[in-house]
Amino acid sequence: MMIKHESQKIAQNFYTFAILLFLVQVVVGVIAAVQFIWPDFFILNFNTIRTLHINALVVWLLVGFMGATYYVVSEESDTELWSLPLAKFQFWATVATVITVVLGYIIMGLYPQANILVFGTRLLNEGREYIEAPRWADILIVISFLLFLLNCFMTVLKTKKWTGIQGVLLGGLVFLALMYLPGMIYTKSMVKDQFWWWWVVHLWVEGSWGLIASALLAFMLMKLVGARREVVEKWMYVEVGLVMFTGILGTGHHYYWIGTPEYWLWVGGIFSSLEPIPLLIMLWDAFRTTREYREVTNKVGLFYAVAHVILYFAGAGLWGVIHTLPQVNKWTHGTQITTAHGHLAFYGAYVLLVMAMIYVTLPAIRGVKEFNSSRAYQSFWWLTISMVFIVLTITGGGMVQTYMERLMGLDYVAVKATYNLWFWIFRAIFGVSFLIGVGIFVVDYFKLGKETTAPA
Amino acid sequence: MSNKAVKNLFIWGSLFFFAIFVALTFDTMGKLDKRAPEITADVNAGKMVWHKYDCIGCHTILGNGSYFAPDMTKTAEKKPKEYLKKFLMDPKAVNPKASMPKLGISPEEADKLLAFLEWTSKVDTNNWPPKPILATAISVGGRELTEGQKLYQSLRCSACHMINGIGGRGAPELTNVGSKRDRAWLIGYLKNPSAYVPNSVMPAFGHLKEKELNDLVDYLLTLKQEVKK
């Protein structure tokens, strides 16, 4: 497979930046894991490390989506990007903004008093989980994202090939941009603050990102096994339809205990319980398609794509549904059970998605037909086995916490520092082995297609 | 079904569910203010302090946040204000084992934060967090409690003190207090803690009746179990 259009190569810039942020995310993740055992372990406090951990995650996935989208839009429209210089500018603008924001977090971590008020908003850190980026950065991020969307839409308009994949992908990205806006509302009420905050967080990961994932999965299935567009797109519509029908009102599962009316217990309980269904269909879709078509050109790409749907279902679906009913969530809300779900869901749904897109598109970008895929499998097993054990240890910690703190009434700190200590130790060890997996992946990314040795 | 039909179902169905979501949001926004106390200038200023120090980077509030440190929703209800204020300004001075770093929170900022936390503790959260089953069971039946034990519970001493593994870790453990202190010391301390322990963060209980103080101390003096380290 070779790229058809020179401008598709821009995807590689985004992938590189995404992967470097992935590495940063996991390094700080290991530091955070050690701080659970030894809070004074590092020069930066846990809150700064944790902010870096979750922000690096969100940003590297978004940057990965952007790179993949430039590639897909050019391919699907069968034309060069509308403006390559604009794409390059948008890339470097994103890099500059992200680096400045990260420096701001670090400064704030070292000198909390530096987080002053400027025009009514915080200069360095907004102090709101996931959307800590200060307002000036929000505005720059929105501008960069609008330039990205403009470039994509103008490319589609060049040839007017509105394929289903393009429609859902770009629709998902527009939805994503719109859902960033409720995060910029300041309210005096913490209840309203969290209400709008969930519009961003939930409607991203269980709404717009789901659309992007379905569209990219459909694209990969076509490229990997030569599946027919009509079939792939039909199932994609079924999946994204169900993602939206269950996910939008499924937001209600965040409105059980934050001061919102009781009817959300019903709305959230019913709709979020249905949220695993589209993920199960996605899983079945991937298995059926890959069984039906046997002309696999890129085995490792297919391996990652299928692994993505399996762990998407396990992490977002199974690990989500176990604590989504209000009767259960009353006891588990705000415990490590949520952390366990978050880790497996993000890994399966989005980390493996971006990695799969990289393994599907990078060989074409680098102009290689065959490549040594042994490192790709190695990194997969290091990452996945480590993540499974990380999730099991945090789930164990969450169960102990729910039982001892919530049911028996023991003190939070006593449970965390004493009864859960071994879970934190194991989690940190598996964190290090996850980091090894990332290291292998980073090496593989930079070497792919550049080695002269014959494929294994 | 044709691809076009499935596509239309997806688009119109999504818009339909989004419209319901927006309608529910409108309804909710109209009801929220009645489910919480009034937001004074101090409460809002406290919320700004909450954001300034990125408190959510370690704590949860209303159950959302970082799971690294205790949930703050009902803190103001559980712990005495004097304790919380001193703790916020210099955690390790109050409790050497505390993980929380000294962030440079000023006395004014601490007051505002406490006003904010007092507000969150009064939000109607559909009874979250639920009362622990074990703690509830002890207070309702099984065995007869002495007057002192009842006072220990109603004054919520266990929010900070621990006896036999049950209770908080913010203040000294009381499992063995009966072998360490005598009646006179305990009564004097309860009436005026800082006269006995300089900079004590314990609130004074001088408002208790003499009989209540004696009942409570009777109970404390029975606690003579050796603490195994």
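**Entry 1: Ala18(A) and the cores**

I started at Ala18(A) and skipped its neighbours within four places in sequence. Beyond those, Ala18(A) is in contact with Trp60(A), Val63(A), Gly64(A), Gly67(A) and Val354(A). I note here that the model is predicted.

Next I looked up the largest nonpolar core, which has 187 residues. Ala18(A) is among the members that touch the most other members. The others in that group are Ala215(A), Leu216(A), Leu217(A), Met220(A), Leu221(A) and Ala356(A). I then asked which helix gives the most to this core. It is H6 of chain A, residues 190-225, with 25 residues. Another core, of 13 residues, lies apart from it. Cys157(B), Leu174(B), Val177(B) and Leu213(B) are among its residues.

**Entry 2: chain A overall**

I counted elements in chain A and got 15 helices and two strands. I then checked the radius of gyration, which is 22 Å. The globule rule gives 23 Å for 456 residues, so chain A is as compact as a globular protein of that length. Along the principal axes, its C-alpha trace spans about 60 × 50 × 45 Å.

Burial came next: 60% of the 456 residues in chain A are buried. I also looked at contacts with a separation of 6 or more. In chain A, 79% of these join residues 24 or more positions apart.

**Entry 3: helix H12(A)**

I followed H12 of chain A, residues 336-366. Does its length fit a helix of 31 residues, or conflict with it? At 1.5 Å a residue it should span 45 Å, and its end C-alpha atoms are 42 Å apart, which agrees. H12(A) does have a kink of about 40°, and I place its centre on Tyr347(A).

I checked how enclosed the helix is. Of its 31 residues, 29 are buried, so H12(A) is largely enclosed by the rest of the structure. Just after H12(A) I came to Gly367(A), which takes a positive phi of about 70°.

**Entry 4: Ser386(A)**

I moved on to Ser386(A), which sits in helix H13 of chain A, residues 374-407. Buried or exposed? Ser386(A) has 22 C-beta neighbours inside 10 Å and therefore counts as buried; the cut-off is 20 or more.

I listed its contacts, leaving aside neighbours within four places in sequence. Ser386(A) is in contact with Phe430(A), Ser433(A), Phe434(A) and Gly437(A). I also took one distance, to Phe313(A), 73 residues away along the chain. The two C-alpha atoms are separated by 18 Å.

**Entry 5: where chain B meets chain A**

I turned to the contacts between the chains. In chain B, 60 residues are in contact with 62 residues of chain A. Several elements of chain B each supply at least two residues to the side that touches chain A. They are helices H1 (3-32), H2 (41-52) and H7 (133-140), and strands E1 (60-61), E2 (64-65) and E4 (166-167). The largest share, 15 residues, comes from H1(B). By class, I find 32 nonpolar, 19 polar and nine charged residues on this side of chain B.

**Entry 6: Val22(B)**

I stayed with helix H1 of chain B and picked out Val22(B), which has its place there. With 11 other C-beta atoms within 10 Å, Val22(B) is exposed; the cut-off is 12 or fewer. Last, I took the distance from Val22(B) to Val217(B), which is 57 Å, C-alpha to C-alpha. In sequence, Val22(B) and Val217(B) are 195 residues apart.

Note on methods. Residues are numbered from 1 along each chain as its sequence is written. Chains are lettered from A and ligands numbered from 1 in the order in which they are written. This is a predicted model: local features need pLDDT of at least 70, side-chain atom pairs count only at pLDDT 80 or more; totals for chains, interfaces and linings use all residues. Helices (H or I, at least four residues) and strands (E, at least two) are DSSP runs, numbered from the N terminus. The expected span of a helix is 1.5 Å times one less than its number of residues. The bend at a residue is the angle between axes fitted to the seven residues ending there and the seven starting there. Two residues are in contact if their C-beta atoms, placed from the backbone, lie within 7 Å. Ala, Val, Leu, Ile, Met, Phe, Trp, Tyr, Cys and Pro count as nonpolar, Asp, Glu, Lys and Arg as charged, and the others, Gly among them, as polar. A nonpolar core is a set of buried Ala, Val, Leu, Ile, Met, Phe, Trp, Tyr and Cys residues joined through C-beta atoms within 7 Å. The radius of gyration is taken over C-alpha atoms; the globule rule is 2.2 Å times the number of residues to the power 0.38.
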